[in-house]
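Student: Can we go through this structure together? I'd like to start with one side chain and then look at the holes.

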Amino acid sequence: MTRMFVDAWDPSYGASYEGGDGADGPGSSSSAQVDVDVEVPAAEWAPIDVSPSAVVPDVVFLVDGVRRNDAGLWTAEEDGTTYPGLAASYAAGVVRCDLARGVAELAGARVARGLFTASPTATDVQAGSVRYEVHRISGAGEASKLPAAVQPPLTALEIEISSAARDGGSDGTDLLIVDGPLRSRRQLPRTIGYVKTQQKHYLPAAQESVVPRLRPGQRTPVFHLMSVWGGWSWYLRLPGSSGAPWSGIVRVECSPELSAEQAVELADVSVATLPRFASSAYKDPRAPQNLVPIAGLERRLRGMLGDARVLHRALALATSRSR
């Protein structure tokens with residue numbers, strides 16, 4: 001008999017997993033080579049429970065960033081050429097969760113604005129009390145590519161604020177959770193990347209079949225993605241899922257610079273820690289994957305970006321004065 005499930009994830013955010021026709025998991029395959037013999041031999045893959053030796057850190061930092069497109073712009077050069085531009089606001093913040101005391105607090109947050117364009121003559125734009133710093137984009141600077149140009153400075157801001165929240169380093173007992181893939185944040189110590197939307201197949205079919213069998217609080221063995229942005233990775237299931245094959249499944253990753261033993265240790269720590277922060281469907285439209293501290297941080301950061309309508313008017317006034 002065919003079984004049907006209603007995913008707790010609000011469909012206005014897309015899907016927590018993006019399946020192809022008839023699929024019940026990620027829709028497309030990754031081109032990255034993968035080593036599945038890291039923790040256990042490939043033939044012995046099975047769900048792994050929380051290790052009795054896993055030590056939950058007393059302090060957990062969660063970092064996230066938000067961004068918003070404030071206005072599209074154009075520059076007209078003296079030689080008659082034109083370039084599109086994007087005025088964007090972005091912010092990054094860190095929540096510090098003291099699990100021993102049961103206290104969560106904002107450890108730091110910062111807002112930045114940028115004007116992203118390939119124009120060789122564009123300068124910073126002062127829109128009322130807000131300054132949009134120019135970020136020169138290489139190439140033709142097509143309008144469709146400008147939103148992606150906001151991510152690198154946002155990532156840099158996340159790294160900066162994460163390091164500041166940790167006083168420039170880790171004492172080896174805390175844990176930093178980055179919302180999304182690690183990418184250029186792989187150098188941060190004692191850090192895991194938390195990927196809540198599954199879009200790619202990374203595992204061979206035999207090993208991927210283990211993922212839907214995970215119960216809440218279980219994980220897969222660690223595997224190694226051998227690509228430019230690859231590293232050690234594993235899947236785990238959070239509590240509060242609908243029971244659908246991939247509901248509540250997240251992929252976690254850590255730096256490839258770690259040893260396999262260190263990666264397994266972090267995997268054990270993650271499965272003992274992350275379920276504590278899982279959201280509930282009646283509170284969050286992206287439950288259970290959108291972790292409670294991350295959801296609160298996102299709301300705080302979006303509020304810090306300011307009123308988009310006010311900024312749009314200020315940008316329109318500032319650019320009209322420059323003509």
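Tutor: Sure. A polar contact is a pair of N or O atoms within 3.5 Å; within protein, one must be able to donate a hydrogen and the other to accept it, and residues adjacent in sequence count only if both atoms are side-chain atoms. This is a predicted model: local features need pLDDT of at least 70, side-chain atom pairs count only at pLDDT 80 or more, and totals for chains, interfaces and linings use all residues. Residues are numbered from 1 along each chain as its sequence is written, and side-chain values use heavy atoms, with hydrogens and water left out.

Student: OK. Which backbone oxygen does the side chain of Arg237 reach at 3.0 Å?

Tutor: That of Pro212. The Arg237 side chain also reaches the backbone oxygen of Leu214, at 2.5 Å.

Student: Where is Arg237 found?

Tutor: In strand β12, residues 231–237. Strands (E, at least two residues) and helices (H or I, at least four) are DSSP runs, numbered from the N terminus.

Student: Is Arg237 buried or exposed?

Tutor: Buried, because its relative accessibility is 4%. Buried means under 20% relative accessible area, exposed over 50%, partly exposed in between (1.4 Å probe, protein chains only).

Student: New topic. What volume does the largest pocket have?

Tutor: About 1,200 Å³. A pocket is an open set of points on a 1 Å grid over the protein atoms alone, with protein on both sides within 12 Å along at least five of seven lines; lining residues have an atom within 4 Å of a point. Points are joined across faces, edges and corners, and the volume is the space filled by probe spheres set on them.

Student: Which residues are closest to its centre?

Tutor: Asp179, Gly180, Pro181, Arg183 and Val195, out of 37 that line the largest pocket.

Student: Which element gives the largest share of that lining?

Tutor: α2, with five residues.

Student: And cavities? How many of 30 Å³ or more?

Tutor: One. A cavity is a set of grid points where a 1.4 Å probe fits but cannot get out. Its lining includes Leu182, Trp229 and Cys254.

Student: Last one. Which residues touch the most other members of the largest nonpolar core?

Tutor: Ile177, Ile192, Trp234, Leu236, Leu238, Leu274 and Leu291, in a core of 32 residues. A nonpolar core is a set of buried Ala, Val, Leu, Ile, Met, Phe, Trp, Tyr and Cys residues joined through side-chain atoms within 4.5 Å. The largest share of this core, six residues, comes from α4.
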